[in-house]
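Q: Please take a close look at one part of this structure, the nonpolar core and the helices around it. I am new to it, so a connected account would help.

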Amino acid sequence: MPVVDRNILRIAIYELLFEKELPSDVAISEALKLSDENSTEDSTKYINGILGKILALKPSLGIS
């Protein structure tokens, strides 16, 4: 995994799980924009998949 992808995921996962005032779709959209501009061709699809799964699991993590 490229280092830039790992860092984009770190930021976006933090935003999804802990930033209450930031809508989830905005956090995901910004992460995808960053990956599109700064990483490989396949990164956007990969990051979208990971963040979608995190968002789906959020309720079961006990984080509101």
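A: What follows describes the core, then the helix pairs around it, then two residues of one helix.

The model is a predicted one. Its largest nonpolar core has twelve residues: I8, L9, A12, L16, L17, A27, I28, A31, L32, I47, L51 and I54. Three helices, α1 (3-18), α2 (24-38) and α3 (43-57), each supply at least two residues of this core. The largest share comes from α1, with five residues. As a general background, nonpolar side chains in soluble globular proteins tend to be buried together.

The helices can be taken in pairs. In general, two packed helices are described by the angle between their axes and the distance between the axes.

For α1 and α2, the axes come within 9 Å and cross at roughly 170°. An angle over 145 degrees counts as roughly antiparallel, and α1 and α2 are therefore roughly antiparallel to each other. On the α1 side the contact is made by V4, I8, A12, E15 and L16, and on the α2 side by S24, A27, I28, A31, L34, S35 and N38. By class, this contact of α1 with α2 has eight nonpolar, three polar and one charged residues. One of the α2 residues, A27, touches E15, L16 and L22, when residues up to four places away in sequence are not counted.

The axes of α2 and α3 also come within 9 Å, and they cross at roughly 160°. That angle makes α2 roughly antiparallel to α3. The crossing in which α2 passes α3 is right-handed. From α2, the residues in contact are S24, I28, A31, L32, S35 and D36, and from α3 they are S43, T44, I47, N48, L51 and L55. The contact of α2 with α3 consists of six nonpolar, five polar and one charged residues.

The remaining pair is α1 and α3. Their axes come within 11 Å and cross at roughly 25°. Because of this angle, α1 is roughly parallel to α3. Here too the crossing is described by its hand: α1 passes α3 in a right-handed crossing. In this contact, D5, I8, L9, A12, I13, L16 and L17 of α1 meet S43, Y46, I47, I50, L51, I54 and L55 of α3. Sorted by class, the residues of the contact of α1 with α3 are twelve nonpolar, one polar and one charged.

Two residues can now be followed individually. L51 lies in helix α3 and is a member of the largest nonpolar core. Its relative accessibility is 0%, so L51 counts as buried. Leaving aside neighbours within four places in sequence, L51 is in contact with L9, A12, I13, L16, I28 and A31. L51 is listed among the α3 residues that meet α1 and among those in the contact with α2. The C-alpha atoms of L51 and I8 are separated by 10 Å, and these residues are 43 residues apart along the chain.

I50 also lies in helix α3. With a relative accessible area of 28%, I50 is partly exposed. I50 is one of the α3 residues that meet α1. The C-alpha atoms of I50 and S29, which are 21 residues apart along the chain, are separated by 13 Å.

How values were computed
Residues are numbered from 1 along each chain as its sequence is written. This is a predicted model: local features need pLDDT of at least 70, side-chain atom pairs count only at pLDDT 80 or more; totals for chains, interfaces and linings use all residues. Side-chain values use heavy atoms; hydrogens and water are left out. A nonpolar core is a set of buried Ala, Val, Leu, Ile, Met, Phe, Trp, Tyr and Cys residues joined through side-chain atoms within 4.5 Å. Buried means under 20% relative accessible area, exposed over 50%, partly exposed in between (1.4 Å probe, protein chains only). Helices (H or I, at least four residues) and strands (E, at least two) are DSSP runs, numbered from the N terminus. Contact means heavy atoms within 4.5 Å. Axes are lines fitted to C-alpha atoms, for helices over the stretch in contact, and angles run from 0 to 180 degrees between N-to-C directions. Angles under 35 degrees count as roughly parallel, over 145 as roughly antiparallel, 65 to 115 as roughly perpendicular and the rest as oblique. A crossing is left-handed if the near helix is turned anticlockwise from the far one by less than a right angle, and right-handed if clockwise. Ala, Val, Leu, Ile, Met, Phe, Trp, Tyr, Cys and Pro count as nonpolar, Asp, Glu, Lys and Arg as charged, and the others, Gly among them, as polar.
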